[in-house]
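Here are some short exercises to work through with the model open beside you. Try each task before reading the solution below it.

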Amino acid sequence: MNAPDADGLLAEQLLRLTRRLHRSQKRQLEAVDIRITPAQSRLLRTVAHYESPPRMADLAERLEVVPRAVTSLVDGLEASGRVRRVPDPANRRVIRIELTSEGRATLRRLRSARRAAAEDVLAPLTTDQREVLGGLLSALVDGVSDQRC
């Protein structure tokens, strides 16, 4: 009988944890009546990271999706009043995407929901365990090993 695949088990646990985190965040968002898809949420957070309103092409590149996907996401966010299309001051043929006050308010509520979801999922861990987990996750995300772990 073969021993279980340790890396496969870890991957499965990470997937299960991610799903649990998403479910918890979804419950948090529903509790405050925020209707937004995960993809729209990601686009909203991405727009917020730019110092000036990004072009649609910038968003597609950053999100690693085709431009048409960004158009659909922006359409939904614009319909809900969270973003607006504005002409580029240097080239009026270029459209930029900027957050509205409703978009900024939604981001604040999203951050709060994410924090609450993280607290829910991380509740069984001590502060020290959370620090170790943070270091391990950083090593995985950044692709480098942390000598402290």
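**Exercise 1. Decide whether Glu 102 is buried, partly exposed or exposed, and find which residue its side chain meets in a salt bridge.**

Solution. This is a predicted model, so please read each value as computed from predicted coordinates.
Step 1: The relative accessible area of Glu 102 is 32%. Partly exposed covers the range between 20% and 50%, so Glu 102 is partly exposed.
Step 2: Its salt-bridge partner is Arg 109, with an N to O distance of 3.6 Å. That fits the 4 Å limit for a salt bridge.
Step 3: Arg 109 also counts as partly exposed, at 32% relative accessibility.
Step 4: Elsewhere, Asp 75, Glu 78 and Arg 85 are joined into one network by salt bridges that share partners.

**Exercise 2. Find which strands are linked by the salt bridge between Glu 98 and Arg 84, and how many residues separate the two.**

Solution.
Step 1: Begin with the contact itself: the side chains of Arg 84 and Glu 98 meet in a salt bridge of 2.5 Å, N to O.
Step 2: Now place each partner. Glu 98 sits in strand β2 (residues 95-99), while Arg 84 belongs to strand β1 (residues 83-87). They are 14 residues apart, and the pair links distant parts of the chain.
Step 3: Check the surroundings. Glu 98 is partly exposed, with a relative accessible area of 22%, and Arg 84 counts as partly exposed at 38%.

**Exercise 3. Classify Arg 55 and Asp 58 as buried, partly exposed or exposed, then give the distance between the closest N and O atoms of their salt bridge.**

Solution.
Step 1: Arg 55 has a relative accessible area of 33%, which makes it partly exposed.
Step 2: Asp 58 has a relative accessibility of 19%. The buried class ends at 20%, so Asp 58 counts as buried.
Step 3: In the salt bridge between these two residues, the closest N and O atoms are 2.8 Å apart.
Step 4: For the wider picture, the structure holds 8 salt bridges.

**Exercise 4. Follow helix α1 and work out which of its residues take part in surface patches, starting from Leu 14 and Arg 23.**

Solution.
Step 1: Helix α1 spans residues 6-31, and Arg 23 is found there. Leu 14 lies in helix α1 as well.
Step 2: Arg 23 counts as partly exposed, at 47% relative accessibility. Together with Arg 16, Arg 19 and Arg 20, Arg 23 forms a positive surface patch.
Step 3: Leu 14 is partly exposed too, with a relative accessible area of 41%. Its patch is nonpolar: Leu 14, Leu 137 and Leu 140 together have about 280 Å² of accessible area.

**Exercise 5. For Gln 25 and Lys 26, both in helix α1, decide which is buried and which is exposed, then set sequence separation beside distance in space.**

Solution.
Step 1: With a relative accessible area of 13%, Gln 25 is buried.
Step 2: Lys 26 is exposed, its relative accessible area being 53%.
Step 3: Gln 25 and Arg 115 are 90 residues apart in sequence, and their C-alpha atoms are 8.5 Å apart.
Step 4: Lys 26 and Ile 97 are 71 residues apart in sequence, with 25 Å between their C-alpha atoms.

**Exercise 6. Examine two loop residues, Ile 34 and Glu 64: is each one buried or exposed?**

Solution.
Step 1: Ile 34 lies in the loop between α1 and α2 (38-49). At 6% relative accessibility, Ile 34 counts as buried.
Step 2: The C-alpha atoms of Ile 34 and Leu 133 are 30 Å apart, and the two residues are 99 residues apart in sequence.
Step 3: Glu 64 has its place in the loop between α3 (56-63) and α4 (67-79). Its relative accessible area is 72%, so Glu 64 is exposed.
Step 4: Look at the backbone of Glu 64 too: phi is near 60°, a positive value in a residue other than glycine.

**Exercise 7. Find which residues UniProt lists for "domain: HTH marR-type", and describe that stretch by its helix and strand content.**

Solution.
Step 1: The UniProt record, an unreviewed entry, lists residues 7-142.
Step 2: Over residues 7-142 the chain is 71% helix and 7% strand.
Step 3: The end C-alpha atoms of this stretch are 18 Å apart.

Technical notes. Residues numbered from 1 in each chain as written. Predicted model: local features only at pLDDT ≥ 70, side-chain atom pairs only at ≥ 80, totals over all residues. Heavy atoms only, no water. Patch = residues over 30% accessible without salt bridge, like charges linked within 9 Å, V, L, I, M, F, W, Y side chains within 5 Å. Areas by Shrake-Rupley, 256 points an atom, 1.4 Å probe, with all protein chains shown as cover. Lys, Arg positive; Asp, Glu negative; His and termini not counted. Charge placed at Lys NZ, Arg CZ, Asp CG, Glu CD. Helix = DSSP H or I, 4+ residues; strand = E, 2+ residues; numbered from the N terminus. Buried < 20%, exposed > 50% of the residue type's maximum accessible area, 1.4 Å probe, protein only. UniProt positions renumbered as here; feature names shortened; annotations may be inferred.
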